[in-house]
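Hi everyone, thanks for coming. I'd like to walk you through a structure that's probably new to most of you, so let's get it up on the screen.

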Amino acid sequence: MEQQFNYHVTLHKDNTYSLAVSIDQGYMLPEDFVLVAELAKKHNVGKMMLTTEKKVSFMDVAAEEVNPLWADLQETFGDRICNPKGKITVCP
């Protein structure tokens, strides 16, 4: 049975997933980084990366943690999360 996720994720060879989130088009407060790190620890995220698309990427996420992680991100950041339809570039 194929796993169902609420948002786009990428499956890797080791059967873990990665997901990326844009918060305020990449403009975050220092406190936001603390919250993101706490969520990563809570959901046993293996690695994190800041991308060139101004996103925070959570990597090595177990399948059972994907939807709960997304739910916590939405609860924590609400409408500050940007989910564009297609690729966009935001420049200062």
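Okay, let's start with how the chain folds back on itself. If you take the contacts between residues at least 6 apart in sequence, 62% of them join residues at least 24 apart. Keep in mind as we go that this is a predicted model.

Now the overall layout. The secondary structure comes to two helices and five strands, and if you read along the sequence you get the pattern β-β-α-β-β-α-β. There are 92 residues in the chain, and 33% of those count as buried. As for the surface, the chain exposes about 6300 Å², with carbon and sulfur atoms supplying 54% of that.

Let's zoom in on helix α1. That's residues 30-42, so 13 residues, and from the first C-alpha to the last the helix reaches 19 Å, close to the 18 Å expected at 1.5 Å a residue. Which residues of α1 are buried? They're Asp32, Val36, Leu39 and Ala40. Looking down the axis of α1, you'd see these buried residues fall within an arc of 100°, so they line one face of the helix.

And what does that buried side pack against? The buried residues of α1 pack against three strands, β2 (17-23), β3 (47-50) and β4 (56-61), plus the other helix, α2 (63-77). Turn to the face pointing away from the buried side, and you find the exposed residues Pro30, Glu31, Lys41 and Lys42. Then there's Ala37, also found in helix α1. Ala37 has a relative accessible area of 35%, so this one counts as partly exposed. If you want a distance to check on the screen, the C-alpha atoms of Ala37 and Phe58 are separated by 10.0 Å, and those two residues are 21 apart along the chain. Just past the helix, α1 is followed by Asn44, which has a positive phi, near 55°.

On to the inside. As a bit of background, nonpolar side chains in soluble globular proteins tend to be buried together. Here, the largest nonpolar core has 21 residues, and the ones with the most contacts inside it are Leu19, Val21, Phe58, Val66, Leu69 and Leu73. Where do the core residues come from? The elements giving two or more residues to this core are β2, α1, β4 and α2. The largest share, six residues, comes from α2.

Val21 is a nice one to click on. Setting aside neighbours within four places in sequence, Val21 is in contact with Lys55, Val56, Phe58, Trp70, Leu73 and Ile81.

Last topic: charges. Side chains of opposite charge can pair when their charged atoms come close. How many salt bridges does the structure hold? Four, and I'll show you three that reach across the chain.

First up, Arg80 forms a salt bridge with Asp24, where the closest N and O atoms are 2.7 Å apart. That pair links distant parts of the chain: Arg80 is in the loop between α2 and β5 (81-82), Asp24 is in the loop between β2 and α1, and they're 56 residues apart. Asp24 has a relative accessible area of 24%, so Asp24 is partly exposed. Arg80, at 23% relative accessibility, also counts as partly exposed.

Arg80 has another partner. Its side chain meets that of Asp32 in a salt bridge, at 2.6 Å from N to O. Since Arg80 lies in the loop between α2 and β5 while Asp32 is in helix α1, the pair ties together parts that are 48 residues apart in sequence. Is Asp32 buried or exposed? Buried, with a relative accessible area of 4%. Put those pairs together and Asp24, Asp32 and Arg80 are linked in a network of salt bridges.

The remaining pair I want to show is Lys42 with Asp72, whose side chains meet in a salt bridge at 2.9 Å, N to O. This one links helix α1, where Lys42 sits, to helix α2, which holds Asp72, and the two residues are 30 apart. Lys42 is exposed, with a relative accessible area of 52%, whereas Asp72 counts as buried at 13% relative accessibility.

That's what I had. Happy to spin the model around for anyone who wants another look.

Terms used
Residues are numbered from 1 along each chain as its sequence is written. This is a predicted model: local features need pLDDT of at least 70, side-chain atom pairs count only at pLDDT 80 or more; totals for chains, interfaces and linings use all residues. Side-chain values use heavy atoms; hydrogens and water are left out. Helices (H or I, at least four residues) and strands (E, at least two) are DSSP runs, numbered from the N terminus. The expected span of a helix is 1.5 Å times one less than its number of residues. Buried means under 20% relative accessible area, exposed over 50%, partly exposed in between (1.4 Å probe, protein chains only). The arc is that of the directions from the helix axis to the C-beta atoms. Contact means heavy atoms within 4.5 Å. A nonpolar core is a set of buried Ala, Val, Leu, Ile, Met, Phe, Trp, Tyr and Cys residues joined through side-chain atoms within 4.5 Å. Accessible areas come from the Shrake-Rupley method with a 1.4 Å probe; for residues, only the protein chains shown count as cover.
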